[in-house]
Amino acid sequence: MTRLARAYPVSPLSTILGDLVDLQEATFRLLEARQVSATNRSLYLLAGAVSGMLAKASHDVGQPQAAMTQARTAYICADNAGHDGLKIWTRGLQSMIAYWAGRHREAVQYAELGAEPAQRVHGTAKTWLLAQEARSWAVLGAAEQAESAIIRADEARERIEPDELDEFGGILTFTRPRQLYYAADARIWVDGGFLRAEETATEAIAAYEHATVDERSFSDEAGARADQALARLTGGNLEGAVEALRPVLDLPADQRIAGIIASANRVHTALRSGPAAETTAARDLQQEIEAFSAVSAAAALR
């Protein structure tokens, strides 16, 4: 589990998906064999974590319904394990899936569902839940609620007590660079907040560039760069937006997961308006984004 959790944020999905499926099948076979209760708790924790990772995999290939089904399985396992940390992590996952599927009020609802167990734990899953709540409020135009959640996420970061999920690491923990990306992703939606969004996105990118291998994530770093590009574009800096998005557009096809494509397409949408909309540079960037989006990570799994 530790190997797969730590490989997920830095590896193409095609290289680990088979192992994730095999691990899920193995854990459920053991649960069906009715192991002793002490073992059951560990198995349910393992089954819940790997089901959550498979939910993320379905999300990454643009299948939100399958992702939510796997996430519900993960939550049931978390409940059977009596593991509040995994419950919170799964609510954050469900909120994230709904957020990228455009179901923003549902995203807020899932974040709020995690609030009760979050009172009892201090692992990084709590910080993730609050960071995800922030950008869910932001996309709905609720700037005050979004900033409040960002502040509460910062406060939760100061009181972290790592749990079993944090020991697994990788996709099952929530790093400081990732938290900065989520804050930028929230602030990008705030009217007139593009300067602060660019500042936070730049901070996130710098944090990723100086992060250890265990803290890296090609997808969230790409998201931060897309937010930086969008903020610059909102401020009228087309050249800076092109520069910010270049590392994203250079990603190989097997790393072009759904969230990265969606982030790039936000920039594409923004290019349709503003003083630079009819320039050759804007049209060229739109064409690059369209070509980038046409070949996704999902194709590598066919």
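**Exercise A: a warm-up in one helix**

Which residues does Q286 touch, not counting residues up to four places away in sequence?

*Solution.* Start with the partners: Q286 touches H268, L271 and R272, where contact means heavy atoms within 4.5 Å. Keep in mind that this is a predicted model, where local features need pLDDT of at least 70 and side-chain atom pairs pLDDT 80 or more, while totals for chains, interfaces and linings use all residues. Residues are numbered from 1 along each chain as its sequence is written, and side-chain values use heavy atoms, leaving out hydrogens and water.

Next, find Q286 in the fold: it belongs to helix 16, residues 280-294 (helices are DSSP runs of H or I with at least four residues, numbered from the N terminus). Finally, check its exposure. Q286 has a relative accessible area of 15%, so it is buried (buried is under 20%, exposed over 50%, partly exposed in between, with a 1.4 Å probe and protein chains only).

**Exercise B: follow one charged pair**

With which residue does D220 form a salt bridge, and how far apart are the closest N and O atoms?

*Solution.* Step one is the pair itself: D220 bridges to R178, with the closest N and O atoms 3.0 Å apart. A salt bridge here is a side-chain nitrogen of Lys or Arg within 4 Å of a carboxyl oxygen of Asp or Glu.

Step two is where the two residues sit. D220 is in helix 13 (residues 218-234) and R178 is in helix 11 (residues 176-187), so this bridge links distant parts of the chain. Along the sequence they are 42 residues apart, yet from C-alpha to C-alpha the gap in space is 6.4 Å.

Step three is exposure. D220 comes out at 12% relative accessibility, so it counts as buried. R178 is also buried, at 6%.

Step four is the company D220 keeps. Leaving aside neighbours within four places in sequence, D220 is in contact with R178, Y181 and Y208.

**Exercise C: two further bridges from helix 13**

Which residue does R225 bridge to, and is that partner buried, partly exposed or exposed?

*Solution.* R225 pairs up with E209, with the closest N and O atoms 3.1 Å apart. R225 lies in helix 13 and E209 in helix 12 (residues 194-209), so the bridge ties together parts 16 residues apart in sequence. Now the exposure: R225 is buried at 13%, whereas E209 is partly exposed at 45%.

Now try R232: which residue does it form a salt bridge with?

*Solution.* The partner of R232 is E243, with a closest N to O distance of 3.9 Å. R232 is in helix 13 and E243 in helix 14 (residues 238-249), so parts that are 11 residues apart in sequence get tied together. R232 counts as buried at 16%, but E243 counts as exposed at 58%.

To zoom out, a search of the whole structure gives 23 salt bridges. Some join up: D79, D84, K87, E116 and R120 are linked in a network.

**Exercise D: into the nonpolar core**

How many residues make up the largest nonpolar core, and which helix gives the most to it?

*Solution.* The core holds 52 residues. A nonpolar core is a set of buried Ala, Val, Leu, Ile, Met, Phe, Trp, Tyr and Cys residues joined through side-chain atoms within 4.5 Å. Helix 5 (residues 84-100) gives the most, with 9 residues. Among the residues with the most contacts inside this core are M1, M53 and W89. Look at M53: beyond four places in sequence, its contacts include M1, Y8, L20, W89 and L172. There is also a second, separate core of 27 residues, which includes A197, I260, I289 and F292.

**Exercise E: rings meeting rings**

How many aromatic pairs does the structure hold?

*Solution.* You should find 5. Rings of Phe, Tyr and Trp (its six-membered ring) pair if their centres lie within 6.5 Å; planes under 30 degrees apart are stacked, over 60 edge-to-face and the rest tilted.

Take W89 and W128: their ring centres are 5.5 Å apart and their planes stand at 55°, so the pair is tilted. W89 is in helix 5 and W128 in helix 8 (residues 124-139), 39 residues apart. Both W89 and W128 are buried.

Now compare F174 and Y182: with centres 5.3 Å apart and planes at 90°, this pair is edge-to-face. F174 and Y182 are both buried too. To finish, put the rings together: W89, W128, F174, Y181 and Y182 form one aromatic cluster.

How values were computed. Helix = DSSP H or I, 4+ residues; strand = E, 2+ residues; numbered from the N terminus.
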